[in-house]
Amino acid sequence: MESNSAGSRNGIELSHVSKSYGSVPALNDLSFEIPMGGRFALLGPNGAGKSTTLKLLIGSLRADTGYVKILGSPPESKESKAVVGYLPEDALPYRMLSVRENLEYIAALRGVEDVKGRTDFLLDELDLRQYEKSNVGRLSRGNTQKLALALSIVHSPKVLLLDEPLNYLDIPTQENVISLLEKLEGTHLVSTHIMSIAHRLTDSVVMISKGMFLWEGTIDELRKKGTPEEPIEKVVARMMTGAS
Amino acid sequence: MVVYFTAVSQLIPPQQASIILGYYGTGIIALFLAMALATGGIMVFKSDRDYLFTLPLSTRDLSIAIFFSQFIAFGISILFIFGYLYPSVGSPLLLVDLVALALTFTSLGVIAPSLNTGVRIALSVALALWTLLGLANFPYSPGAPFNGNIYGGTATLIALAAVTVTLAFRGLSRIELDMMRNLVRTTSTDYKSQNSYAGKSPIGAIYSMNLSNMSLAGRMNMAGASRYVSRRIKTRWVALASTVAAGAFFAFGLYEGPVNLTNGVVDGNAASVLVAVLLSFVAFFFSQSAITNERLWLSLTSLPAPSYFKHLITSKVVSLLVVLVPFAIADVLLQSLGDPDLVGSIMMILLVIPGAFVLEICWAAYIAPIQVKGEDMTMPAQFSIRQMATALPMGGVIIAATLSTVLPLFAAVAGLVMCALAALLTLNGRFWNGVVTKLTENGFV
């Protein structure tokens, strides 16, 4: 699978990707594409290979076979690193730096022009101003998650990869984060177990199971696979387990 | 340690070995006492807090039980670390010294959290200096038994243990669950001075971060539980402390004069051995924080791994030199004042330790260390054998550094080989790309 046409690059592209950890297969001939500007949820049961997929997309793991591209570039390239933002599950910022230092350091590392302005914007937007001098090691899990999220978007990435982004956040903060992410332009891939989060943050779904591609479509199409009364979670569970 | 002892006893004649071990013993006890007080705490797992301390049992009884388990674990470690110092003590009273030391280390860990940071650091420095007074033949110092004052030194250690154990038990009898939580989280909430990275280039930011602050990390192995402790210290304070310590070393060198370890093999300043050992430890603690505190999801999504690690390691070496250079200057001054054979020590400081430092970082990265995520305890079973091997090179480094101080040719060859290897690995992009994959596969985030 190559980019869909000369004029329209995919935001994210995986082609026949396999990856094993020793003798344990994690991904098996996985292929999917997300068009530029697309907002997709990556769904799958535990051990489906969601986190491995994201780690391949940021270039910290290499595929055994197949290839991965971000806006047409390999993930380990400078071009790709300049446009990708990544939030892992249970993300931890630098615990030897304060909240502000974390933001400024990563902004500088990413070549953001107005480091101070961008830092101030995110501190206010995510309600972290009162903790700006705090030692990250002493933050609550919720505030750590807010900081981690800020760090993943400090450079206004064109491709954003999020693994359970709303973990640990209280409901008002969740709403705040959702509205912040909605305002961000670009391609988003959100790995989550929670359908309501997928529904709030994305409009389409890539479903994988046991490291293999299972299904792709919009959330509305997914909903139509069940009866009108059936919760969408039941539909997803049925598809993931292969039950009729 | 057995390898170190064997190397010292085989390569260096017994009389000199006894002197070198005396210096080593005093230095390492000073270091342990200072660290026990500076970074202490009772080793309580998160699971202990969540399950054990919520059982209908007396918190005091549980705390005392943990104290004793920690004492036994300390005692075993101390037998391994200090037991071979017997030749420098030459008396079975060493056993009493070791028990007293184990009780003191354990008790200091309990006392430490109730003291504020300033007092803790001041007391740590005072304890270390008091111990080092043993080198100057002061008979009532914790370091005295290893420098020919066995009775006064043993009496001092017993008195120190009696005082610290009493204070620790008074603390334990008042201990509450909230305090237990505090014991495992001793860092302050806010950083008083902030660094700004605004206006810095990506590479400039890496150097700025690593040159303005230094981070120390080490695995404290207590009560069968491992805890990664990491601390950030302003580089200018480290430079000041290092300069003061190097000044003390210089003054001691003037006072003591060249220790004439005659018989044709060694003729150098034996205090350099102490410096070699202490700098080996310092370099090791610095090296461990380089990777364990790293955040791949942030740094390596910003810059390619070879480029990031090249600059990270170079900046760490420069910051380590802040610690090392004052000692090299002290050596040069002593040499110029007529102290012979400090060439080996100078090469040890400027070549062997920096080279070994980079190799320790590369080794730790290669075998995939545990990432510092919090300061809670880590069960030993959570470490793989490979990961526990991060500390292995330190034994070799201590041996190499010790031998370098007394054998200049060895210092030159070992230093140049280590630096060449360190440079090759630092600049090897394939190595660092492989390291990233390995770290990620081992759960590094």
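**Contacts, core and selected residues in a two-chain predicted model**

A:Glu89 is partly exposed, because 15 other C-beta atoms lie within 10 Å; a residue is called buried if 20 or more other C-beta atoms lie within 10 Å of its own, exposed if 12 or fewer, and partly exposed in between, with C-beta atoms placed from the backbone. The structure is a predicted model, in which local features need pLDDT of at least 70 and side-chain atom pairs count only at pLDDT 80 or more, while totals for chains, interfaces and linings use all residues. Residues are numbered from 1 along each chain as its sequence is written, and chains are lettered from A and ligands numbered from 1 in the order in which they are written.

To place A:Glu89 on the fold, one can look to the loop between strand E5 (84-87) and helix H3 of chain A; helices (H or I, at least four residues) and strands (E, at least two) are DSSP runs, numbered from the N terminus. Leaving aside neighbours within four places in sequence, A:Glu89 is in contact with A:Ser51, A:Asp163, A:Glu164 and A:Asn167, where contact means that the C-beta atoms of two residues, placed from the backbone, lie within 7 Å. A:Glu89 and A:Ala148 are 59 residues apart in sequence, and their C-alpha atoms are 9.9 Å apart in space. A:Asp90 also sits in the loop between E5 and H3 of chain A. A:Asp90 is not a glycine, yet has a positive phi of about 50°, and is partly exposed, with 14 other C-beta atoms within 10 Å.

A positive phi, of about 60°, is found at A:Asp127 too, although A:Asp127 is not a glycine. This residue belongs to the loop between helix H4 (115-125) and helix H5 (141-153) of chain A. With 13 other C-beta atoms within 10 Å, A:Asp127 is partly exposed.

What is the setting of A:Val205 in chain A? A:Val205 lies in strand E8 (residues 204-209) and counts as buried, because 24 C-beta neighbours fall inside 10 Å. Not counting residues up to four places away in sequence, A:Val205 touches A:Phe40, A:Ala41, A:Leu43, A:Ala198, A:Glu216, A:Gly217, A:Ile219 and A:Leu222. The last of these, A:Leu222, is 17 residues from A:Val205 in sequence and 8.2 Å away, C-alpha to C-alpha.

Turning to chain B, the secondary structure comes to 19 helices and two strands. Of its 445 residues, 49% count as buried. Among contacts in chain B between residues at least 6 apart in sequence, 77% join residues at least 24 apart. Helix H12 (residues 271-292) of chain B has 22 residues, which at 1.5 Å a residue should span 32 Å, and its end C-alpha atoms are indeed 32 Å apart; the expected span is 1.5 Å times one less than the number of residues. H12(B) is mostly covered, with 21 of its 22 residues buried.

B:Thr104 offers another view of chain B, from within helix H6 (residues 93-111). B:Thr104 is buried, because 27 other C-beta atoms lie within 10 Å. Its contacts, leaving aside neighbours within four places in sequence, are B:Leu160, B:Ala161 and B:Thr164. B:Met214 lies 110 residues from B:Thr104 along the chain, and the two C-alpha atoms are separated by 29 Å.

Where the chains meet, 36 residues of chain B are in contact with 36 residues of chain A. On the chain B side, the elements that give two or more residues are helix H10 (202-212), strand E2 (225-234), helix H13 (296-299) and helix H19 (429-441). By class, this side has 15 nonpolar, 14 polar and seven charged residues; Ala, Val, Leu, Ile, Met, Phe, Trp, Tyr, Cys and Pro count as nonpolar, Asp, Glu, Lys and Arg as charged, and the others, Gly among them, as polar. The contact of helix H3 (residues 99-109) of chain A with H10(B) brings their axes within 7 Å, crossing at roughly 145°; axes are lines fitted to C-alpha atoms, for helices over the stretch in contact, and angles run from 0 to 180 degrees between N-to-C directions. Here A:Tyr105, A:Ala108 and A:Leu109 meet B:Pro202, B:Ala205 and B:Met209. The residues of this contact divide into six nonpolar, no polar and no charged.

The largest nonpolar core has 185 residues, of which A:Ala150, A:Leu161, B:Leu33, B:Leu279, B:Val352, B:Ile353 and B:Ala401 touch the most other members; such a core is a set of buried Ala, Val, Leu, Ile, Met, Phe, Trp, Tyr and Cys residues joined through C-beta atoms within 7 Å. Domain 1 (1-186) and domain 2 (202-445) of chain B both give residues to this core, so the core lies between them; the domain bounds come from an automatic or database domain assignment. Leaving aside neighbours within four places in sequence, A:Ala150 is in contact with A:Leu103, A:Leu122, A:Leu126 and A:Leu128.
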